[in-house]
Amino acid sequence: MIRALCLVLGLSAVLLPAGAGPAAAHNVVVGADLRIAQTFAGAELTLVIKGTEQVPGPLRIGVETYQAAGELPIALELRSVADGRTVTGRLTAGPGDRYTRLRVETTGPHELTLRAGGEVAVVPFRVLVDRGSMWELLIYGGLFAAGVVLVGGLLTGALSRPGRAALLVAGAAAGVTVAAMVVILEPRLPTGPPDGAAPTATDQQQAGRPYVQGRVTTLPERPAAGEEFTLRIDLLDGSTGSPVDDLTAHHEALAHVVVTSEDGRYFRHVHSLRTAPGRLEIRLRADRAGRYRAYTEFEREDSGGQLVSADFTVGGEAASPGTAEVRSGAAVTRPAVPVAGRAATIEVRPTGAVRPWLGMAGHLIVRSADGEFFGHVHEMSPAGRVSAQGLRFTYAFPTAGRYLAWAQYATSGGIVTVPFTVEVTGESAR
Ligand SMILES: [Cu+2]
């Protein structure tokens, strides 16, 4: 009997760590990493804030480089919103992953400021730590009680009072049973919010937050071909008009910005920097004059994804109208001429080992020839395990016509963009 109890105790000890699962929260998950893509001084980086288990304690902060622009020194400043306490550090982005540690003293809202190449980004996030649930107390409490009663039982047994010893052993068994049940059930039991979590959203917020009005401007107002300019996206709440500053990281970014020229020869998929509450900015350079369209994808907390698109003009010498570059064989569509409204498969053979980027193996960006329609499709194979056929995208083009498409993936050498065009036929053509 006692040997059997010891076995159960041993099993409980083995099961315990598995029971202490991470609690989910918006934007950050306790014990998990926050990953936010940022385009900094022409480099495509992903800022990583490692999940932490202990506060006060060190917070690991790093940058992973997907498209390098040489070595890029970054000054870091971490500020607690609650008490204003600030710590500073340094990182140099470059090939590979670079990490440093900054000490955090409190849980709750923080701001991480990054300064590099004359640009500044302020990333808001929350430091969350699991509070330890009441169920864990039950586990430890049950085991502790069992231990005490068991020792009592052994001593009583040694003093040859078998009746009382049996009673105490039964008590120990009850304690172990409670602990074991909680260990088994714990992943399914309710836990409180982690320490540092945002106040629970109101019912109204949970039903979805108001639509965002995007105001897109360029600085200068009319950029010149070949010169750097800033694309600014101001996000305003559709009902109050105040800045929208509750973007949640989706596909590893606060916002995904795609800029294409009217003819599709210019294509950039970049990750804007948050420069002020509700304000996103990205530096760009367009080499030819003409009309351009910027598509910005983002997601508010407790709300679905949203797309804001806006046109702007780049001045200078008028460029001769061109057509999107088509690399035959780089992308294969099945069927060769997709039918509107029916799923088609697009296969892209990568040039090297694929490295997951923005949380997945590949991205496909699709635009109608006139730019009015914009779609973003994801490769569905598990990260890091791309099939022999290469990257596979499944997509149903909405209407017949000509589409411009760009497949993107990352290798250790950088981000590869494969531009191609797709002619889509109408249902009746079959
Ligand atoms: Cu993106």
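This report walks through a predicted model of a protein chain with a copper ion.

## Overall make-up

The protein chain has 4 helices and 23 strands. Of its 430 residues, 45% count as buried. Contacts often span long stretches of sequence. Among those between residues at least 6 apart, 63% join residues at least 24 apart.

## The copper site

Three histidines coordinate the copper ion: His256 through ND1, His269 through NE2 and His271 through NE2. The distances run from 1.8 to 2.1 Å. In sequence, the donor residues follow the spacing H-x12-H-x1-H. Histidine 256 sits in strand β11 (residues 255–261), while histidine 271 sits in the loop between β12 (267–270) and β13 (273–276), so this pair ties together parts 15 residues apart in sequence.

Are histidines 256 and 271 buried or exposed? Histidine 256 counts as buried, at 1% relative accessibility. Histidine 271 is buried too, with a relative accessible area of 0%. The cut-off for buried is under 20%.

## The sheet that holds β11

Strand β11 also belongs to an open sheet of 4 strands. The order is β12-β11-β15-β16, and the pairing is antiparallel. At the edges lie β12 and β16 (305–314), each pairing on one side only. From one strand to the next, the twist averages 15°.

Inside this sheet, 7 bridges join β11 to strand β15 (residues 290–299). One of the paired positions is threonine 260, whose bridge partner in β15 is arginine 293.

## The sheet that starts with β1

Another open sheet of 4 strands has the order β1-β2-β3-β6, again with antiparallel pairing. Its edge strands are β1 (34–40) and β6 (97–104). Each of them pairs on one side only. Here the twist averages 25° from one strand to the next.

Strand β1 is an edge strand, yet 6 of its 7 residues are buried, so β1 is largely enclosed by the rest of the structure. β1 and β2 form a hairpin with 2 residues between the strands. In that hairpin, alanine 41 takes a positive phi near 50°.

The table lists antiparallel strand pairs from this sheet, with a bridge-partner pair for each.

| Strand pair | Bridges | Example of bridge partners |
|---|---|---|
| β1 and β2 | 7 bridges | threonine 39 and glutamate 44 |
| β2 (residues 43–49) and β3 (residues 57–67) | 6 bridges | threonine 46 and glutamate 64 |

Strands of a sheet pair through backbone hydrogen bonds.

## Cores and packing

The largest nonpolar core has 49 residues. Those with the most contacts inside it are Ile74, Leu112, Leu114, Leu231 and Val259. Where does this core lie? Domain 2 (34–127) and domain 3 (203–314) both give residues to it, so the core lies between them. Apart from it lies another core, of 21 residues. Its members include Val366, Leu391, Phe393 and Phe420.

Not counting residues up to four places away in sequence, valine 259 touches Leu231, Tyr266, Phe267, Arg268, Leu284, Tyr292, Arg293, Ala294 and Phe312. Among these, Leu231 also ranks with the core residues that have the most contacts. Arg293 is the bridge partner of threonine 260.

Glycine 89 lies in strand β5 (residues 86–93). It counts as buried, at 19% relative accessibility. Beyond residues up to four places away in sequence, glycine 89 touches Ile74, Ala75, Leu76 and Leu102. The C-alpha atoms of glycine 89 and isoleucine 61 are separated by 9.8 Å, although these residues are 28 apart along the chain.

## Unusual backbone geometry

Most residues other than glycine have a negative phi, and most peptide bonds are trans. This chain has some exceptions.

The peptide bond from leucine 219 to proline 220 is cis, with omega near 0°. Proline 220 is in the loop between β9 (212–219) and β10 (228–237). A cis bond also joins arginine 334 and proline 335, with omega about -5°. Proline 335 is in the loop between β17 (331–334) and β18 (343–348).

The loop between β10 and β11 holds histidine 251 and glutamate 252. Phi of histidine 251 is positive, near 50°. Glutamate 252 also has a positive phi, of about 60°. Histidine 251 is partly exposed, with a relative accessible area of 33%. Glutamate 252, by contrast, is buried, at 16%.

Note on methods. Residues are numbered from 1 along each chain as its sequence is written. This is a predicted model: local features need pLDDT of at least 70, side-chain atom pairs count only at pLDDT 80 or more; totals for chains, interfaces and linings use all residues. Side-chain values use heavy atoms; hydrogens and water are left out. Donors are N, O and S atoms within 2.8 Å of the metal (3.2 Å for Na, K and Ca); water is not among the atoms, so sites may look incomplete. Buried means under 20% relative accessible area, exposed over 50%, partly exposed in between (1.4 Å probe, protein chains only). Two strands pair if DSSP finds at least two bridges between them. Axes are lines fitted to C-alpha atoms, for helices over the stretch in contact, and angles run from 0 to 180 degrees between N-to-C directions. Contact means heavy atoms within 4.5 Å. A nonpolar core is a set of buried Ala, Val, Leu, Ile, Met, Phe, Trp, Tyr and Cys residues joined through side-chain atoms within 4.5 Å. Domain bounds come from an automatic or database domain assignment.
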